[in-house]
Amino acid sequence: MTAKTPHPAISGNWASLLLPIAADDSIEFDKLGEEIDILIDAGVDGIYSNGTAGEFHNQTEAEFARIQAMLAERCKASSTPFVIGACQPDPLIMLNRVRRAAALDPRAIQVILPDWWPLNDAEAVDYLKRVAEVADGIPLILYNPPHAKRALAPRELGMVCAAVPEVIGIKLADGDASWYAEARRHLSGLSLFVPGHHLATGTKEGVAAGSFSNVACLSPRGAQTWTVSMRNDIDAALDLERRICTFMDAHIVPFRQEFGYSNAALDKLLSAIGNWGPAGTRLRFPYRSIDMAEAVRLRRIARSELPDLFP
């Protein structure tokens, strides 16, 4: 492997890059550039591309390359940390995305385990070792969400990642007190990124390094202020977390549980409620989008119930 400058640890409030999608299903790259500039100006700890909310599963390889080049150029010009998501359900396409991502020298590259047929532990280790070779010294973050074909428990994650030291972090869902105990037992050497609306709990439990955050979808600047506040007043941060979860449960989660919208649709709805950038609520075909009128309806409620996030 080529020697590269060591990358500092990754932590804090990371904002998701959301794709502005036009009525003809094309990506509006002018708006994407505007969005990146807004996130940089918000002072978030970092920006990451091609998570679920970035619709990594529904773009061409030419579009992938253009999105990452735009992110890298603007973040480097402003000294803003960035992580590239090279995720793709197809293992060969993902390896190619990792190779191209590494050339842009991000802080880390986020990957998933191939997702058409779930890997066993030995296959997962073999795959991540190959990914690490292709990443050429860039650290890896494993994205293992609840909706993956195989969502690994902390013990399984610990075994797999121990065999691949290039994996420095995991983005995953948290759980109850017993889950946090398991995470401390098996994942203590890794940077864990919990859901944004649970970041104060994850911080109090001594487990979370940060979040690739849905709260930053709602308000990048507010999420950053909240994240910083956890160092000084965790009780106040936990109070805000309770109110965030109450808002999510009452107004956001029903779109998934009752109406079947995807997680990406929910994140774009949050962004439109926050009204801070040009992403809009439209998802790329064939995924259904939540009507913008719902975002407009919820703006007043969000600002009333969560004024701390909208300084």
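In the predicted model, E241 is located in helix 10, which comprises residues 234-257. The residue is buried, yet no salt bridge is formed by E241. R242 provides the nearest side chain of opposite charge, at a distance of 6.7 Å; the absence of a salt bridge follows because such a pairing requires a side-chain nitrogen of Lys or Arg within 4 Å of a carboxyl oxygen of Asp or Glu. When residues up to four places away in sequence are not counted, the contacts of E241 comprise H197, H198, L199, A200, T201 and W226.

A second element examined was strand 6, formed by residues 167-172. Strand 6 is mostly covered, with 5 of its 6 residues classed as buried. Parallel pairing links strand 6 to strand 5 (residues 140-144) through 5 bridges. Within this pairing, Y143 has K171 of strand 6 as its bridge partner. The connection from strand 5 to strand 6 passes through helix 5 (residues 154-162), and the resulting β-α-β crossover is right-handed.

Strand 6 also pairs with strand 7 (residues 191-193), again in the parallel sense, and 3 bridges join the two. Here, G169 is placed opposite S191 of strand 7. Helix 6, spanning residues 177-186, forms a right-handed β-α-β unit together with strand 6 and strand 7. Strand 6 thus takes part in parallel pairings with strand 5 and with strand 7, and right-handed β-α-β arrangements involve helix 5 and helix 6.

Notes:
Residues numbered from 1 in each chain as written. Predicted model: local features only at pLDDT ≥ 70, side-chain atom pairs only at ≥ 80, totals over all residues. Heavy atoms only, no water. Buried < 20%, exposed > 50% of the residue type's maximum accessible area, 1.4 Å probe, protein only. Helix = DSSP H or I, 4+ residues; strand = E, 2+ residues; numbered from the N terminus. Pairing = 2+ DSSP bridges. Right-handed = clockwise from strand over helix to strand, strands pointing away. Lys, Arg positive; Asp, Glu negative; His and termini not counted. Contact = heavy atoms within 4.5 Å.
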